[in-house]
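Please take a slow look at the chain shown below. We will walk through it together, one part at a time.

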Amino acid sequence: MSDGTVTLFVNAAQTVTCAGPARARRDTEMQDAAVQAGVGVAVQGERIVAVDHDAALRGRYPDAVEIDCDRGVLAPGFVDSHTHTVFGRARYEEHELRATGVPYLEIARRGGGIHASVRDLRARSDDELYSVAVPRLRALAAGGVTTVEIKSGYGLTVHDELRSLRVIARLADAGPLNIVPTCLGAHEVPLEYRERPDGRAAWIDCLTNELYPAVAAERLARFADVFCEPGVFTVPETRRLLTAARSHGMDLKLHADELHDGGAAMLAAELGAVSADHLAAISPEGIAALAASSTVATLLPATMLFLGTGRQAPARAMIDAGIAIAVATDLNPGTSPLQSFPLVLTLAVSQLRLSAAEAWIAGTVNGAAALGLAGETGQLRQGFRADLAVHAADDFRALPYWFGERLCRVAWARGRACHL
Ligand code: NIG
Ligand code: FE
């Protein structure tokens, strides 16, 4: 499509505009997905140029090309603000081991878990890593996702972390999805360091003195993230890591209080992290701290489901306290091999007890805010990126309802069709 051409998305049964302020939504604001009837979207180049009634759009752009939404749901593309898409093989053995009662962190202590994916990634070429990631992105797009955050974190050497981030940059350059890169060098203490008496400190030094400056020099990551969890990185270690990452120009995310409360949510608030993610074990103090901050809480209900913990983040209490909630897949080989964003909406309603509208806002506007993109994507609004999707349903509540169903028919990212 040349830049001058206007494309109209018309004939939708419902248009979920999510229109409103270009910032994270909290509290009752999450209840309004601004769903409209008879409204279409005009796209020119990478941007939405108008959102209006079909007749008004046709009057204004008589020469436009039309895409018939066929009485479906027209909506912003989903923002998957937490994934680990660049990894090698699946970890089937661990899934079964957990079913016999071996906990996730115990598997890691035995050298499996993240360490298994690290061994695997180090043995693969850049091209292989690229090619295994592409179908995963395609699967996400097939569910209506148009923006994807991708973390490194399975390299755990300076060389392999940089390699992972360069693969992520290549995926971003290839388009059409919007890709946001995050450096998760602090995903674990690599086994070769764990075996040394001074290993933890040496790995943290390596991250702060070597990896972060190298990532910054090549501008390979927008965010830095740390797995802050008892048994992985402590709160003081995480504070040190994230402070160093910030001094190299990265904004902050945390894997926080996923399985045990270690005070990570409070640290996220203290540091002004853009998001704190997981939070299934958040304490009342953590809730109060996030409520008083601008940090988005990104909840990953598929992870808790797949781990079989029988537990979920206290989403309703968090929303009531005034915390902005996003949801994401956490796509990764250990705890969430999930490539369907609509299934996350289902879990948001059925497990986190959000309304359908809240789940939509969590997967669009608040996902965008969790990536610092609240003014760019996540809403059908003039001037926003042309990131949108059409779903074969006549009601926006169908997406969380028909769980496991693939309803998305068309997804466009930055004004380009994602060929599914
Ligand atoms: O978000 N918790 C840490 N990281 C991932 C899992 C990584 C893995 O097990 O490979 C998560 O759950
Ligand atoms: Fe994760």
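This report goes from the whole chain to its sheets, and then to some individual residues.

## Two domains

Before you start, keep in mind that this is a predicted model. The chain is divided into two domains. Domain 1 is built from two stretches of sequence, 6-77 and 377-417, while domain 2 covers residues 79-369. If you take the C-alpha centre of each domain, the two centres lie 29 Å apart.

How many residues does each domain bring to the contact? Domain 1 gives 32 residues and domain 2 gives 37 residues. On the side of domain 1 that touches domain 2, the strand β16 (388-391), the helix α17 (398-401) and the strand β17 (408-413) each supply at least two residues. The largest share of that side, three residues, comes from β17. Sorted by character, the residues on this side of domain 1 are 15 nonpolar, seven polar and ten charged.

## A sheet of eight strands

Now look for an open sheet of eight strands with parallel pairing. Going across it, you meet the strands in the order β8-β9-β10-β11-β12-β13-β14-β15. Which strands stand at the edges? They are β8 (78-80) and β15 (325-327), and each of them pairs on one side only. From one strand to the next, the twist averages 25°.

You can zoom in on one pair of neighbours here. Strand β12 (residues 251-256) runs parallel to strand β13 (residues 275-278), and four bridges join them. Within this pair, His 255 has Asp 277 in β13 as its bridge partner.

## A sheet of four strands

There is also an open sheet of four strands, with mixed pairing and the order β5-β4-β1-β6. Why is one side of β5 and of β6 left without a neighbour in the sheet? Both β5 (47-53) and β6 (65-68) stand at the edges with a single partner strand each, so one side of each has no neighbour in the sheet. Ignoring direction, neighbouring strands of this sheet are turned by 25° against each other on average.

Strand β4 (residues 39-44) pairs with β5 in the antiparallel sense, over six bridges. One place to look in this pair is Val 43, which stands opposite Ile 48 in β5.

## Strand β7 and its partners

Strand β7 (residues 73-76) is a nice place to compare directions. With strand β2 (residues 14-16), β7 runs parallel, and two bridges join them. Here Thr 15 has Leu 74 in β7 as its bridge partner.

With β16, strand β7 runs antiparallel, and four bridges join the two. On this side, Pro 76 stands opposite Leu 388 in β16.

## The ligand and the annotated site

Next, find ligand 1. It is surrounded by 13 residues, and the closest are Ile 114, Phe 227, Asn 332, Gly 334 and Thr 335. What is the character of the residues in this shell? Three are nonpolar, eight are polar and two are charged.

The UniProt record, an unreviewed entry, places the feature "binding site" at His 82, His 84, His 255 and Asp 330. These residues are spread over 249 residues of sequence, yet they cluster in space, with a largest C-alpha distance of 12.1 Å. You have already met His 255, whose bridge partner in β13 is Asp 277. As for His 84, look in the loop between β8 and α2 (92-99).

## Two backbone details

Most residues other than glycine have a negative phi, and most peptide bonds are trans. With that in mind, two spots in loops deserve a look.

Where is the cis peptide bond? The bond from Gly 175 to Pro 176 is cis, with omega near -5°. Pro 176 is found in the loop between α6 (158-174) and β10 (178-186). Another spot is Arg 219, a residue other than glycine with a positive phi, near 50°. Arg 219 lies in the loop between α8 (199-217) and β11 (223-228).

Note on methods. Residues are numbered from 1 along each chain as its sequence is written. Chains are lettered from A and ligands numbered from 1 in the order in which they are written. This is a predicted model: local features need pLDDT of at least 70, side-chain atom pairs count only at pLDDT 80 or more; totals for chains, interfaces and linings use all residues. A residue is near a molecule or strand if its C-beta atom, placed from the backbone, lies within 6 Å of it. Ala, Val, Leu, Ile, Met, Phe, Trp, Tyr, Cys and Pro count as nonpolar, Asp, Glu, Lys and Arg as charged, and the others, Gly among them, as polar. Two strands pair if DSSP finds at least two bridges between them. Axes are lines fitted to C-alpha atoms, for helices over the stretch in contact, and angles run from 0 to 180 degrees between N-to-C directions. Domain bounds come from an automatic or database domain assignment. Two residues are in contact if their C-beta atoms, placed from the backbone, lie within 7 Å. UniProt positions are given in the numbering used here, feature names are shortened, and annotations may be inferred rather than shown by experiment.
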